[in-house]
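Colleague: I am new to this structure and should be grateful for a close look at one part of it. Please take that part slowly, and then connect it with its surroundings.

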Amino acid sequence: MNGVKILWVDDEIDLLKPHLLFLQGKGYEVETCNNGYDAIDLVASRPFDLIILDEMMPGLTGLETLPRIKELRPTTPVIMVTKSEEENIMDKAVGSKIADYLIKPVNPNQVLLSIKKNVHSHQLVTEQSTADYRSEFGRIASSFTEARNFADWVNIYKKLVGWEVELTESDDASIREILAFQRNEANNEFAKFIRAHYLDWFTDRDDQTPVLSHNLMRSKIFPVVDNHRKTTLLLIDNFRYDQWRVIHPVLHNLFEVDREDFYCSILPTATQYARNAIFAGLTPMAIDKLMPDLWLNDNEEGGKNQHEEEFLRRQIQSLGKGYKLSFDKIIKSDSGKKLLDNMDRVYNADFSVIVYNFLDILSHARTETQIIRDLAEDEAAFRSLTRSWFEHSDIYQMMKLLAERGHTVIVTSDHGTIRVDHPVKVQGDRETSTNLRYKTGRNLGFNAKEVFAITKPEQAHLPKSNLTSTYIFAYNRDFFVYPTNTNQFVRYYNNTFQHGGISMEEMIVPFIVLSPK
């Protein structure tokens, strides 16, 4: 803590010598003056880490000195010291953006505590967080082998995301490396878990089987709609739990969190499969069989998500729900503005659905645009970019309006996304799908140890484009490349955010229920 420079301004500074010696003994450099005019000159001449300012001084009072100091050094924290506890004095001081205030007579420990809070809080918090994570590292590691079901993996994922968000600002690069290593190990073990259990979830369901995409409406969403007068579902493509953690504080004054839950995205964790399954309430194979004119396989030309509203209306009708429904899909920014101008149909519906594609667009833009890559170079930067987008987005404005109208809001996604950095070679023909995290086709060449291969797609309730179709899925941070032009392909896609495969980020999807305050 040595090297911290403090300016203490008080017309009775000579009486404060014991306080000054106490702080100097703690390693602080303390400079003093006894009036506001000298304080302004000192602040103009050199920077201080913190200023302690007496409010009741002759000549120029503390409240008169404060704005002039703030004009010169707007980010320097100022602690106001006052003899008065009058409310108007406190209001003026707080309104002038003081960092803290103390009531005379002050004791040295009060001053020290305030200094630590305003100068060292970041350092102290990150040091404590680092120590806490180090102590929990072993318990988290042992939980990987003890995890028996999807709920156990949800708890592991929540812990790791919690630490990742908390340690984002840590100056200790080594602890972030340890956390990244542990998260990588967790994803490797999660992949083994999925490989061992995923197919059983379609045939041997029990109370430990997770809710999958095609059961989401029946199991989690419709019960909320049935119990609330007005409900709006915001389905944000590519939305992950860590992104929820950073936008939650933005919503704090609008909504209470009624429920923070999760469900499991089906494979492939891609919009074509997962989102269609959500709205149809059917697996992709069932959609293909029952509504072949509304399903396109990967190798067929055309939009793969053109019938979501129709799927949802059919599901609502099949379950005998009498909801008045509104459905909007926002792909371009002007679509959001149009909806903001026409919110009456959302207000008037019993159940309104807004599909928002921005994060998917952002992920693809990051792949294709260098400036977006630079802005979102890793998960922490991507979270920061997500929060910045959200605070200035149409969807945030919509949520403000929905809170005012008393709507219950559900926030979820169809799947998440993961940053990839490890190429895995596969072979395929012209009919092979193009996704980097999964492939489907009839002539796939691959190393069975490197992928999750489903040679009988019907076991995973997936459609077949031909009799010998196979699906393969990438694990953790892998992405598929072909033997030809491998280096060029790797340079282009390495360190980009992708989806379609097996990872906690893609498969463990947040499901948040918010009630308006």
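The exchange below begins with one residue and moves outward from there.

Colleague: Where is the place of Asn 305, and which residues does Asn 305 touch? I should also like to know how the helices beside this residue pack, and how salt bridges and strands link other parts of the chain.

Modeller: Please bear in mind that this is a predicted model. Asn 305 is found in the loop that runs between helix H12 (284–290) and helix H13 (308–318). Is this residue buried or exposed? Its relative accessibility is 12%, and because buried means under 20%, Asn 305 counts as buried. Leaving aside residues up to four places away in sequence, Asn 305 touches Thr 271, Gln 272, Arg 275, Asn 276 and Lys 329. With one of these, Asn 276, there is also a polar contact between the side chains, at 3.4 Å.

The next step is the pair of helices. Helix H11 comprises residues 271–280, and H11 packs against H13 at an angle of about 35 degrees, the axes being 7 Å apart. On the side of H11, the contact is made by Arg 275, Asn 276, Ile 278, Phe 279 and Ala 280; on the side of H13, Glu 308, Phe 311, Leu 312 and Gln 315 take part. By character, the residues of this contact divide into 5 nonpolar, 2 polar and 2 charged. Arg 275 and Asn 276 thus appear in the contact between the helices and also among the residues that Asn 305 touches.

H13 also holds a salt bridge. Arg 314 and Glu 310 both lie in this helix, 4 residues apart, which is about one turn of the helix. Their closest N and O atoms are 3.3 Å apart. Arg 314 counts as partly exposed, at 40% relative accessibility, and Glu 310 is likewise classed as partly exposed, at 33%. Elsewhere, salt bridges that share partners join Glu 164, Arg 183, Arg 240, Asp 242, Arg 383 and Glu 505 into one network.

In the whole structure, a search finds 29 salt bridges. One of them is formed by the side chains of Lys 104 and Asp 54, with a distance of 3.3 Å from N to O. Lys 104 belongs to the loop between strand S5 (100–103) and helix H5 (108–119), whereas Asp 54 belongs to strand S3 (residues 50–54), so the pair ties together parts that are 50 residues apart in sequence. The two partners are classed as follows: Lys 104 is partly exposed, with 22% relative accessibility, while Asp 54 is buried, with a relative accessible area of 1%.

A further salt bridge links Glu 260 and Lys 158, whose closest N and O atoms are 3.7 Å apart. Glu 260 sits in strand S7 (residues 255–264) and Lys 158 in helix H7 (residues 150–166), so this pair ties together parts that are 102 residues apart in sequence. Glu 260 is partly exposed, with a relative accessible area of 31%, and Lys 158 is also partly exposed, at 28% relative accessibility.

Strands complete the picture. Strand S6 (residues 231–236) is mostly covered, with 6 of its 6 residues buried. Both of its faces are covered: Thr 231, Leu 233 and Leu 235 are buried on one side, and Thr 232, Leu 234 and Ile 236 are buried on the other. S6 runs parallel to strand S9 (residues 351–356), to which 6 bridges join it; here the bridge partner of Leu 235 is Val 355. S6 also pairs in the parallel sense with strand S10 (residues 408–412), over 5 bridges, and in S10 the bridge partner of Thr 231 is Thr 408.

An antiparallel arrangement is found in another sheet. This is an open sheet of 3 strands, in the order S13-S15-S14, with antiparallel pairing. Its edge strands, which each pair on one side only, are S13 (438–441) and S14 (451–454). Neighbouring strands of the sheet are turned by 15 degrees against each other on average, direction ignored. S14 pairs with strand S15 (residues 470–474) over 4 bridges, in the antiparallel sense, and Ala 453 stands opposite Ile 472 in S15.

Conventions:
Residues numbered from 1 in each chain as written. Predicted model: local features only at pLDDT ≥ 70, side-chain atom pairs only at ≥ 80, totals over all residues. Heavy atoms only, no water. Pairing = 2+ DSSP bridges. Helix = DSSP H or I, 4+ residues; strand = E, 2+ residues; numbered from the N terminus. Axes fitted to C-alpha atoms, helices over the stretch in contact; angles between N-to-C directions. Buried < 20%, exposed > 50% of the residue type's maximum accessible area, 1.4 Å probe, protein only. Polar contact = N/O pair within 3.5 Å; in protein donor to acceptor, adjacent residues only side chain to side chain. Contact = heavy atoms within 4.5 Å. Nonpolar A, V, L, I, M, F, W, Y, C, P; charged D, E, K, R; others polar. Salt bridge = Lys/Arg side-chain N within 4 Å of Asp/Glu carboxyl O.
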